[in-house]
Amino acid sequence: MQKGPSHSEVTMAPKFPLQIQLLGDLRLTCGNKPITSISSPRLQALLAFLLLHREAAQSRQHLAFLFWPDSSEINARNNFRQLLFDLRHALPDFDSFCDSDAATIQWCADSPFTLDVDELEKTFAEAERAVRGQDETRAQTALEQAVTLYRGDLLPSCYDDWITAPREHLRQIFIAALEKLVHLLEDRRDYAAAIRHAQRLLQQDPLHEATYQQLMRLHARSGDRAGVARIYQTCVTVLDRELGVSPSDETQQVYKALLSSKPALVTEPASAIPLQVTNNLPIPLTRFVGREQEQAEIKRLITEKRLLTLTGAGGIGKTRLALAASDDLVGAFADGVWWVDLASLRDSAQVPQAIISTLHIQESRDRSLLDAIVDYLHDKTMVLLLDNCEHLIDACTPLIESLLSSAPSIHILATSREVLGIAGEMAWRVPSLSVPSMQDIGPLGSGPISSLLQYDSIRLFADRAAMTLPTFSLTDKNAGAIQQICQALDGIPLAIELAAARLKALSPDQIAARLDDRFHLLTGGSRTALPRHKTLSAAIDWSYDLLPEAEQIFFQQLSVFVGGFSLDAMEAICTMQDGAVSATPLDLLSRLIDKSLVAVEERDGEVRYRMLETLRQYALDRLVQSGQAASLRSSHCSFFLHLSEEAEGHLRSTDQLTWLDRLDAEYENISAAIEWSLSNSDAETCLRFGGALWYFWTARARWTDGRERLDRILSLPVGPFGCARAKALLGAGYLAFHQGDFGTATRCFENSLEISRTAERSEEMAEAHYGLGVVEQYKGDCEKARGFFTEGLALSRDSNNPWGIGDGFLNLALLRLNEDDYDGARALFEPGLAAFRKVDDKRSIAKLLAGLGLVAYYQADYAAARPLFEEALAIEVHLRDKHVAALQLDNLGYVALHQNEYPKARTLFGQSIALLDEIGGKRSIADVLYGLAGLAAAEGEPERAAHLFGAAEALLEQLGARVEPMNRAEYDRIIASAQGQMDPAPFEAAQSRGRAMSLQEAVRYALAGVDR
């Protein structure tokens, strides 16, 4: 049992049918509502296997070895049980879709679901029947539907051997459908559509010369001789780069014949009407990676809006995304999609001429260029892609306004680092590529490769790395460094491509280690790239140089913020500077937002602002060069010190959640301010930070981070800062205690008490007494603990400190519980609860409610204990206090165990130990292990109970802790129950094996048994 409450999972009932997509990234929806709970690649792979093999029940043993072929039998079985447990909780209404028993599991073929794989195979079969029946219209419709259904390879995040065959089978269906569709469209003289699908065919195999020949023939038949040359040059480039060869004689002959328009290759039937060329989109020389959802959104928006502007920072991939989305729009607009690249233009007068040249508009002396464009476009239905508008906005905006007002069926897709500011414009910010975080897959390099490859940034790096270094592959050894690279580079495609190019000379680890100097490291882009895309620094220089001086200065100043900032922080810090910058900070901020240099975010209704870390590093370099960095950092530190100290007074009051959340939001800034103070050996400021934040670190279970910072703070030279040092020592003591380091905790509390006595600080003296008492209580010396608690309560009463009084009652009440004095414990819990209700300290109220729940529990009144634990849990979940929430889950697990609700107890214990493992709550994990041992004994698994019991004992011994007296009888009963089911020798052997487990081995063993 625990003294003090993971978030409860909410099961969502699906709206039938369940729509499942396995082609491309996995997607599940019920109606129009997406299901995102099946996020891990391993879970997705299990779901896919069950769906694709639903014709028969699958053996659990077979599945365990299929997914973990290199593991031992017991590990494979345990891993599969955990995986099935996760699927059961992630898939809404699991039992409606899967039949499972102790030996098998099978997807219910008659359950209400649709699967895109089935639809693809069915549609392709229908197309083949239509082809055999010479029904061209029906065949075209079915083939177009088939190639649309193929959104990508079957579950690309899965790398298990079993998926290779079905994945290749479906890919061949897609290729066959494309080939048939291209031939059919060519026969029907729909060359524009044939070209579009042939380009998709080429993307599947960029080295297939027959497809190049077909594309050249299609362009020639549509009258696009320039397209013939462009396709041939692409063929030459790709074959030389990938294979070091030239096109075959056949391909060269086809190219020459088509350019000379030899009738044998190009002649149309007399009745044929030559089709106009409907696009000039370039064929990319590198694969476009990811961003499927973004492409779909852009295609939807450009058909609905007349002006869509893709904005974003330099290198974010606006052009590639616009071109990728436009490629699928060619057939949707009668007059096609036309790309006008403005990047190389320097004179505003060149913009109309660029459009004239792109569209092959006939010029005339009798009319202006703008009039010629308007006359040509007024009856056209097309998309005009104006690429790289930011440096020519003064020329682009009036031209675009004229086109939109004069040509009603023209849609304009623009890319620009700055919004155009035209009426009716829809600005769409291009996001960075998805980047893995430690919250998603765990510490660097700890997740499986398949987990990493679900992120577009990782896939882009791997793709470009393989082009740079043909022997490259993503492995367990380099995965951590590549994850670090993509995180540090904010998922910016240009930066990632430049980093991958460095693999010619550096390993991934070496690249990651040098990213602090990223602007010197990330150089040497493609020789054919624009100058501003050859280095990361040049890409940002382009944006920076377009800023007026005031905006440049303000951009530099914002770099002092780390991880985002609020409006009040920006106004307080940046307006401390002299000159024009401080006059209109909000206007300057708005301009930088419009120019994609600052992003706007909303968190729980609060607007915050953020710079990509790469942009921030660039701006910080400029700030350092300006000589203003030190003064800005000092102002930044002062602001966040005062914020931390203001928050301290609210962390145990009515608005504690608001202030906890505010400290969470500003934590990166606070951390940067502490680091700035440490670098300057500013002991007073550091100690003030430590004293103000220690309760926050405990409430948010940031034990390791807080303890590491306090250790560094307390190692600074001692100065005349006694009160601040005493508070910091209190924090260090409690954080050490939570991590089971009782020796360090005692030394910190004793030092704090000594300083507090000298300074006559009764509040800190009382807190130090409580800390010393808690340590002694966990070590088993209850009388010594009582003395500390009694002295702490007296000090709190003398200073009329309601929080100290409440803590005193809580601590003394828990001692009474250890002595089986339930009436005495209740008599202390109740006034403690009243003290905390008076100041509305909800976190402490939850602890007192849990204490009253323990009184009822130990008196075997489980019906009364449960609602008290549940109320405490609800408060802690609301406060997002993982530690105390975990304790209440454990308490509720024991209640369920005593009420013979074994499945519920298993779930509660599992949630508790998972949370405690996440935050490092070693001492409390031991109590959960005892609970799981009791559950195993109750379910007739004495060997498992012995393992868990041994692991719990060993953990307590490692921590120098003992089972508390109030729990001793409970745990003795558990042990006796397990021992009664086995002979002594096997029981002791199993117990010894449990004692030999490491903490992580014990946690994994416990979690593996949660699923039944």
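Start your tour at helix α9, residues 209-221, where 10 of the 13 residues are buried. Buried here means under 20% relative accessible area, exposed means over 50%, and partly exposed is in between (1.4 Å probe, protein chains only). Helices are DSSP runs of H or I with at least four residues, strands are runs of E with at least two, and both are numbered from the N terminus. What you have open is a predicted model, in which local features need pLDDT of at least 70 and side-chain atom pairs count only at pLDDT 80 or more, while totals for chains, interfaces and linings use all residues. Residues are numbered from 1 along each chain as its sequence is written, and side-chain values use heavy atoms, with hydrogens and water left out.

**Stop 1: around α9**

Select the buried residues of α9, including Tyr212, Leu215, Met216 and His219. Now check the ends of the helix: from its first C-alpha to its last, α9 reaches 19 Å, close to the 18 Å expected at 1.5 Å a residue. That expected span is 1.5 Å times one less than the number of residues. Next, click on Gly223, which follows α9 and has a positive phi near 85 degrees.

Go back to Leu207, in the loop between α8 and α9. Is Leu207 buried or partly exposed? Leu207 has a relative accessible area of 33%, so it counts as partly exposed. Add Leu243 and Val245 to your selection: with Leu207, they form a nonpolar surface patch with about 230 Å² of accessible area together. Patches are built from residues with over 30% relative accessible area and no salt bridge; nonpolar side chains (Val, Leu, Ile, Met, Phe, Trp, Tyr) are joined within 5 Å, and like charges within 9 Å. The areas come from the Shrake-Rupley method with a 1.4 Å probe, and for residues only the protein chains shown count as cover.

**Stop 2: into the cores**

Which residues have the most contacts inside the largest nonpolar core? Pick Phe461, Leu558, Phe561 and Phe829; the core they sit in has 215 residues. Helix α41, residues 842-858, gives the most to this core, with 11 residues. A second, separate core has 84 residues, among them Leu63, Ala130, Ala177 and Ala193. A nonpolar core is a set of buried Ala, Val, Leu, Ile, Met, Phe, Trp, Tyr and Cys residues joined through side-chain atoms within 4.5 Å.

Zoom in on Leu558 and show what is around it: leaving out residues up to four places away in sequence, Leu558 touches Phe565, Met570, Cys574, Leu589, Leu592, Val598 and Met611. Touching, or contact, means heavy atoms within 4.5 Å.

Helix α26 covers residues 549-558, and Gln552 is found there. Gln552 is buried, at 17% relative accessible area. With the same four-place limit, Gln552 touches Tyr544, Asp545 and Leu547.

**Stop 3: Ile805**

Jump to helix α39, residues 802-818, and select Ile805. This residue is buried, with a relative accessible area of 15%. Now find Leu793: it is 12 residues from Ile805 in sequence, but the two C-alphas are 5.7 Å apart. Ile805 touches Leu793, Ser796 and Arg797, not counting residues up to four places away in sequence.

**Stop 4: salt bridges**

The structure holds 39 salt bridges. Each one is a side-chain nitrogen of Lys or Arg within 4 Å of a carboxyl oxygen of Asp or Glu.

- Try Arg300 and Glu297 first, a bridge of 2.7 Å from N to O. They are three residues apart in helix α13, so about one helical turn separates them.
- Next, show Lys882 and Glu918, which meet at 2.3 Å, N to O. This pair links distant parts of the chain, 36 residues apart, with Lys882 in α43 and Glu918 in α44.
- Then pick Glu939 and Arg906, whose closest N and O atoms are 2.4 Å apart. Glu939 is in the loop between α45 and α46 and Arg906 is in α44, so the pair ties together parts 33 residues apart in sequence. Glu939 is partly exposed at 30%, whereas Arg906 is buried at 7%.
- Finish with Asp661, Asp664, Arg700, Arg702 and Arg880, linked in a network of salt bridges.

**Last stop: zoom out**

Show the whole protein, with its 49 helices and 14 strands. Of its 1012 residues, 55% are buried. The protein exposes about 41,900 Å², and carbon and sulfur atoms supply 50% of that.
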